[in-house]
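Biologist: Please pick one part of this model and take me through it closely. Keep it brisk.

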Amino acid sequence: MPRKIIIDTDPGQDDAVAILLALASPELEVLGVTAVAGNVPLALTELNARKICELAGRPDMLVFAGCAEPLSRKLVTAEHVHGRTGLDGPVLPAPTMPLQSQHGVDFIIETVRKQPSGTVTLCTLGPLTNIATALQRAPDIADKIQEIILMGGAYFEVGNITPTAEFNIYVDPEAADIVMKSGIPVVMMPLDVTHKALTTRARIDAFRKLGTPVGTAVANLTDFFERFDMEKYGSDGAPLHDPCVIAYLVKPELFKGRNINVEIEITSDLTLGMTVADWWGVTDRSANALFVGDLDADGFYALLAERLARL
Ligand code: BDR
Ligand code: CA
């Protein structure tokens, strides 16, 4: 039986690739996609989510708009990485599929309550505002969520939006704090692992060579997304952060991590949004996450190319 997931996302080129990977994977049943403000404002992330579902040939997918602002802070966006639209690179047509009228947070609550307990996994690819809001409004769902697989955080790789914080956690640290304290099993994909999932010319060419609209769009998305990180880090390519979340569900053997305690800094101005990860077990704080640190990058890109070819 495919694993039931909800994708919570702020597309974002790498979010787009993650959504495509999920829709191409028979191991997963995507119950819905909830958009959140992050890389760009909500009006663009929900629009981009629909563009990607249509690109995947899934205009039937349920797409919802969630929260437009973090719980208690002003929204910080990342057009400097993703471009003005959030999805710069390919030219994708305006979507014709509808945005669902229900609020994304209500969809999450209703779905988790409706499905058998322990069968819904949340895959979060952006700030955790929608999930934290759902947990605040409906604390009963915490016990019913199977797992949260989230892209966020950094420890040895330090920060990408500040010297100590990763973007998704920094945008809404209070939301991340609520999630990390919820007791829900969490798998965390921090920069420590996603910075090992780098595109290269050959990997992008493999997408382009698929010769399909999806292959071409993904090559153009990653081409655009690369520029910023190559300049910043002097690396060969750019990390495809968010697809790690989906790849973990499809092929967990590609990843390695440790069960450790992770706390979120929510008070210090200097280190706001830092994920304080007890990698070496130097505290007696109990483990609350599988903190992933390594992946088989060739296996990851082979999986992506194989699955995207199916769309
Ligand atoms: C995360 O931030 C966004 O820019 C990406 O989509 C990814 O989810 C990486 O820090
Ligand atoms: Ca994202």
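**The calcium site and its strands**

Modeller: Asp10 and Leu125 are both buried (under 20% relative accessible area, 1.4 Å probe, protein chains only). The model is predicted, with pLDDT of at least 70 required for local features and 80 or more for side-chain atom pairs, while totals for chains, interfaces and linings use all residues. Residues are numbered from 1 along each chain as written, chains are lettered from A and ligands numbered from 1 in written order, and side-chain values use heavy atoms, without hydrogens or water.

Both residues serve the calcium ion, ligand 2. Its donors (N, O or S within 3.2 Å for Ca) lie at 2.2 to 2.6 Å. Asp10, Asp15 and Asp242 coordinate through OD atoms, with Asp15 listed twice. Leu125 coordinates through its O. Along the chain the donors follow D-x4-D-x109-L-x116-D. Asp10 sits in the loop between β1 (3–9) and α1 (13–23). Leu125 sits in the loop between β4 and α5 (129–137). They are 115 residues apart, so the pair links distant parts of the chain. Helices here are DSSP runs of H or I with at least four residues, and strands are E runs of at least two.

Now the strands. β4 covers residues 120–124 and runs parallel to β5, residues 145–151. Five bridges join them; pairing takes at least two DSSP bridges. Thr121 stands opposite Glu147 in β5. β1 and β4 are neighbours in an open, mixed sheet of eight strands: β3-β2-β1-β4-β5-β6-β10-β7. Its edges are β3 (63–65) and β7 (255–260), each paired on one side only.

Notes:
Donors are N, O and S atoms within 2.8 Å of the metal (3.2 Å for Na, K and Ca); water is not among the atoms, so sites may look incomplete. Buried means under 20% relative accessible area, exposed over 50%, partly exposed in between (1.4 Å probe, protein chains only).
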